[in-house]
Amino acid sequence: MNHTANTPNILEVNHLSKRLGTFALDDVSFALPQGFIMGFIGENGAGKTTTIKLMLNMLAKDKGEIKIFGQEHLQYEREIKERIGVVMDSPYYVDAWTMLDIEHAVSSFYSKWDHSRYMNLLEHFSLEPKKQLKALSRGMKMKLMVAVALTHDPDLLILDEPTSGLDAVARNELMEILRIFMTDERKGVLFSTHITSDLEKVADYITLIHKGRILETQTKDELLEKYLVVKGGLNLLTTEQRQMLIGYREHSVGFDGLIDCASLRHLPTSIVTEPSNFDEIMIRFNMGGEIDE
Amino acid sequence: MIRNLFIFIKLDFITLKQNWKLYLVTPFLAFAVSCFFKDELAAIYFCLYMTMYTSTQLFSISEKNKLDTLYLTLSLSRQDVVIGRYLFILCTQIIASIALTILASILQTAGITAFGDNTFITQLIYGLFIISIFSAIQIPLYFKRGVNKSKLIIIILYMLPVVLFLLSSSQGLAIINRIIDSITNNSTLLIVPIIGEFILLGISCAVSCRLYRSKNI
């Protein structure tokens, strides 16, 4: 499943399935080539965190295959994890720990842990090393987790909602750090978020997940070119044409919806089209009406 | 893998950092109490109880702070986490035993308590064996269900010997006492609880590995 010729995949997920109560992750497949940032988007509960937890062996998969750095993720778990930096959507350190305690606790697990880099990152994020975790705001805790994830110079960053709780300035700082991180072409980032504006700045690839199924996985530009927002008067479309629209919505003066460009020729030429964005795509798919592929 | 296990043990000690002061004064406190009441066994059982409390506390802190998530972001497999945790528990038992032995020697030299060498070692070994029985049951439960969800079962587990003791007739107790005395007075049988502890913890560790492997984090 190579997206870019001659570029190895740093992360590859093939036909991954997992049932968790009433929720099911169903035949999830995507690949992140080395040297790129992939945005992993979808509404809350779409399956983003479940997919990431499966990658990290926090959940056991029912079916499928996960390869990281070309290696099966369970067979080479320790080696793979030493090369990964992870930020989950909520902190997972002891509340009473200071930032120096966190370094003592985790640094020995990484052969490439760099104390001065850690201190620089703490300073960059305005975090006091002797402050306890419980004294930090949610945003500061997220910054701390980003600092820990970056200190051992990982080859792959897996970020699960890293911007939740961060203000616009901090989010911008994080994007800048990711840009710097990606100057090394051997690295990769999987960035799960529902704040899609962050991705417009940094992502190369987008994978859209909805109700446990992958709807799209392609380059950012391909995805934005694939879908258009269409608008028009109430009586402009036939029932059949309406069914082609994703997230079809009627209001007092007309309708709007999302359409796959390949289907655009089936609509009247008088219809108004506008470029889409990630939010629009995500919301429309969540509203329903997607075409089964 | 061995390196990671040692690092994991270190991580467990750091996790309990907030309780260190309590653990440091425990042996002294236990001996103060045993000197006061002229009951030397109290020191041993108090310290060994503290090692069990330590493991419960460790699981409790881990659960409260979602440390299972941290462990699986580090270069560790689930098996490393389980084996590392059992090694940590063995470490606490070794530390408690060393601390008790040193303090017993000091107090004996000073003539404060009347431990005989054999009595002390025998009681310590059997004490370690008894807590290993409890640990072997409670640790797999903690790995599978967590401390909060296991509370009721653990309370029953702890209360069971007390209830059985209270329900036993005086004749029954006399028989149990005779059995215990005959076992503890025979120094050649000391190897049995030592081997027994390792077998119990080994089986418990294997069960925990199996339970933790399927746990959703």
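# A tour of chains A and B

Select chain B: of its 217 residues, 33% count as buried. The model is predicted, with an ipTM of 0.85 and a pTM of 0.86.

**Chain B as a whole.** Colour chain B by secondary structure. There are 8 helices and 0 strands, and from the N terminus on the elements run α-α-α-α-α-α-α-α. The radius of gyration of chain B is 19 Å, close to the 17 Å that the globule rule gives for 217 residues, so chain B is as compact as a globular protein of that length. Turn the C-alpha trace of chain B along its principal axes, and the spans come to about 50 × 40 × 30 Å. Among the contacts in chain B between residues at least 6 apart in sequence, 83% join residues at least 24 apart.

**Confidence in chain B.** Now colour chain B by pLDDT. The average is 83, and 93% of the residues score at least 70. Within chain B, helix H4 (residues 67-73) has the highest confidence, at a mean of 94, while helix H7 (residues 170-184) has the lowest, at 72. Where pLDDT is low, the predicted coordinates should not be read in detail.

**Where chain B meets chain A.** Show both chains and select the residues in contact across them. Chain B gives 24 residues to this contact and chain A gives 22 residues. On the side of chain B that touches chain A, the elements with two or more residues are helix H1 (2-15) and H4 of chain B. H1(B) supplies the largest share of that side, 6 residues. Coloured by class, the side of chain B that touches chain A shows 10 nonpolar, 10 polar and 4 charged residues.

**The two domains of chain A.** Hide chain B and split chain A into domain 1 (9-219) and domain 2 (224-287). The C-alpha centres of domain 1 and domain 2 of chain A lie 34 Å apart. The contact between these domains takes 10 residues from domain 1 of chain A and 6 residues from domain 2 of chain A. On the domain 1 side, select helix H7 (196-202) and strand E9 (205-210) of chain A, the elements that give two or more residues to the side touching domain 2. By class, that side of domain 1 of chain A has 5 nonpolar, 3 polar and 2 charged residues.

**The nonpolar cores.** Next, select A:Met38, A:Ile158, A:Leu190 and A:Phe191, which touch the most other members of the largest nonpolar core, a set of 106 residues. Helix H5 (residues 138-151) of chain A gives the largest share of this core, 9 residues. Domain 1 (9-219) and domain 2 (224-287) of chain A both give residues to this core, so it lies between them. Zoom in on A:Ile158: leaving aside its neighbours within four places in sequence, this residue is in contact with A:Ile52, A:Met55, A:Ile84, A:Val86 and A:Leu190. Apart from the largest core lies another core of 16 residues, among them B:Phe31, B:Ala43, B:Ile44 and B:Leu124.

**Helix H1 of chain A.** End at helix H1 (residues 48-55) of chain A, which is mostly covered, with 7 of its 8 residues buried. Which residues in H1(A) are buried? Select A:Lys48, A:Thr50, A:Thr51, A:Ile52, A:Lys53, A:Leu54 and A:Met55. Then step on to A:Asn57, which follows H1(A) and has a positive phi, near 65 degrees.

Key: Residues are numbered from 1 along each chain as its sequence is written. Chains are lettered from A and ligands numbered from 1 in the order in which they are written. This is a predicted model: local features need pLDDT of at least 70, side-chain atom pairs count only at pLDDT 80 or more; totals for chains, interfaces and linings use all residues. pLDDT is the predictor's confidence in each residue, from 0 to 100. Helices (H or I, at least four residues) and strands (E, at least two) are DSSP runs, numbered from the N terminus. Two residues are in contact if their C-beta atoms, placed from the backbone, lie within 7 Å. Ala, Val, Leu, Ile, Met, Phe, Trp, Tyr, Cys and Pro count as nonpolar, Asp, Glu, Lys and Arg as charged, and the others, Gly among them, as polar. Domain bounds come from an automatic or database domain assignment. A nonpolar core is a set of buried Ala, Val, Leu, Ile, Met, Phe, Trp, Tyr and Cys residues joined through C-beta atoms within 7 Å. A residue is buried if 20 or more other C-beta atoms lie within 10 Å of its own, exposed if 12 or fewer, and partly exposed in between; C-beta atoms are placed from the backbone. The radius of gyration is taken over C-alpha atoms; the globule rule is 2.2 Å times the number of residues to the power 0.38.
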